[in-house]
Amino acid sequence: MSKISIRHTLLPGDLGQVAALHGRIYFEEHGFGLGFEAYVMESLVEFYRQYDPAKDKVWVVEDQGQLVGFLLLMHQPENKAQLRYFILEKNYRGMGLGRKLIREWMDFYQERGFSGAYLYTSSGLDSAVHLYESFGFRKVSEKHSEDFGVPLKEILYRLP
């Protein structure tokens, strides 16, 4: 690890970079089409419009100023939290950085006293799923989808 830093503020350019990172990585690694990047862009705008620093938190992972990963906790109705946009560039995986991010996410979740949490993921993301499950998330449903240009399962996980 070189000069990896994690900041918790959004700066101009971050949302676009997060969408671009998702678009590129999910295309290269899973064959997702442009519709996935558009979905991420739309949902990042939704997040930004309801962003409340008292209830929401971002983890912007940078290496020498370059965005290489991201995660956020987004508050939802009924005192629920959603884990969203967990992503790391390939070269930054397998070194404990993902586990550190999820642990910090869980710490914030507990500090803020949320009454439940959930996340959506898709089939084929085995290492992320293993991480979610190691922190107590459990699969509650899955459905077939081709929304992003490839057949996959959209999977819902909840903290029991």
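Modeller: Let's start with a rule: the expected span of a helix is 1.5 Å times one less than its number of residues. Helices (H or I, at least four residues) and strands (E, at least two) are DSSP runs, numbered from the N terminus. This is a predicted model, where local features need pLDDT of at least 70 and side-chain atom pairs count only at pLDDT 80 or more, while totals for chains, interfaces and linings use all residues. Residues are numbered from 1 along each chain as its sequence is written, and side-chain values use heavy atoms, with hydrogens and water left out.

Colleague: Nice, let's try that rule on α2; how far apart are its end C-alpha atoms?

Modeller: α2 covers residues 34–50. With 17 residues at 1.5 Å a residue, α2 should span 24 Å. The model agrees with that, since the end C-alpha atoms are apart by 25 Å.

Colleague: And within what arc do the buried residues of α2 fall?

Modeller: Buried means under 20% relative accessible area, exposed over 50% and partly exposed in between, with a 1.4 Å probe and protein chains only. In α2 the buried residues are Phe36, Val40, Ser43, Leu44 and Phe47. They line one face of the helix, because seen down the axis, using the directions from that axis to the C-beta atoms, they fall within an arc of 110°.

Colleague: Which exposed residues sit on the face turned away from that buried side?

Modeller: The buried residues of α2 pack against α1, β2, β3 and β4, where contact means heavy atoms within 4.5 Å. The face turned away from them carries the exposed residues Leu34, Glu42, Tyr48 and Arg49.

Colleague: What about α1: which residue comes after it, and with what phi?

Modeller: In α1 (residues 14–30), the end C-alpha atoms are 23 Å apart, in agreement with an expected 24 Å. Its buried residues include Leu21, Ile25 and Tyr26, and their cover includes β1, α2, β2, β3 and β4. After α1 comes glycine 31, with a positive phi near 75°.

Colleague: Which element gives the largest share of the largest nonpolar core?

Modeller: A nonpolar core is a set of buried Ala, Val, Leu, Ile, Met, Phe, Trp, Tyr and Cys residues joined through side-chain atoms within 4.5 Å. The largest one has 29 residues, and Leu83, Ile102, Trp105 and Phe137 touch the most other members. Elements that each supply at least two of its residues include β3 (66–76), β4 (80–88), α3 (97–111) and β5 (116–122). The largest share is seven residues, and it comes from α3.

Colleague: Which residues does the second, separate core include?

Modeller: Staying with the largest core for a moment, phenylalanine 137 has contacts beyond four places in sequence that include Leu83, Trp105, Met106 and Tyr132. The second, separate core has 18 residues, including Leu21, Val40, Phe47 and Ile87.

Colleague: On to the strands: which residue stands opposite valine 61 in β3?

Modeller: Two strands pair if DSSP finds at least two bridges between them. β1 and β2 are antiparallel over four bridges, with valine 61 in β2 as the partner of isoleucine 6. Seven bridges join β2 to β3, also running antiparallel. There, the residue opposite valine 61 is glycine 69.

Colleague: In the hairpin of β3 and β4, which residue takes a positive phi?

Modeller: Ten of the eleven residues of β3 are buried, so this strand is largely enclosed by the rest of the structure. β3 runs antiparallel to β4 over seven bridges, and histidine 75 has alanine 81 as its partner. The hairpin has three residues between the strands, and the positive phi, near 65°, belongs to glutamate 78.

Colleague: Last one, on ring pairs: what is the angle between the planes of tyrosine 109 and phenylalanine 114?

Modeller: Rings of Phe, Tyr and Trp (its six-membered ring) pair if their centres lie within 6.5 Å; planes under 30 degrees apart count as stacked, over 60 as edge-to-face and the rest as tilted. The count comes to 13 aromatic pairs, among them the tilted pair of tyrosine 26 and phenylalanine 32, at 5.2 Å centre to centre and 40° between the planes. Tyrosine 109 and phenylalanine 114 are stacked, 6.0 Å centre to centre, with an angle between the planes of 5°.
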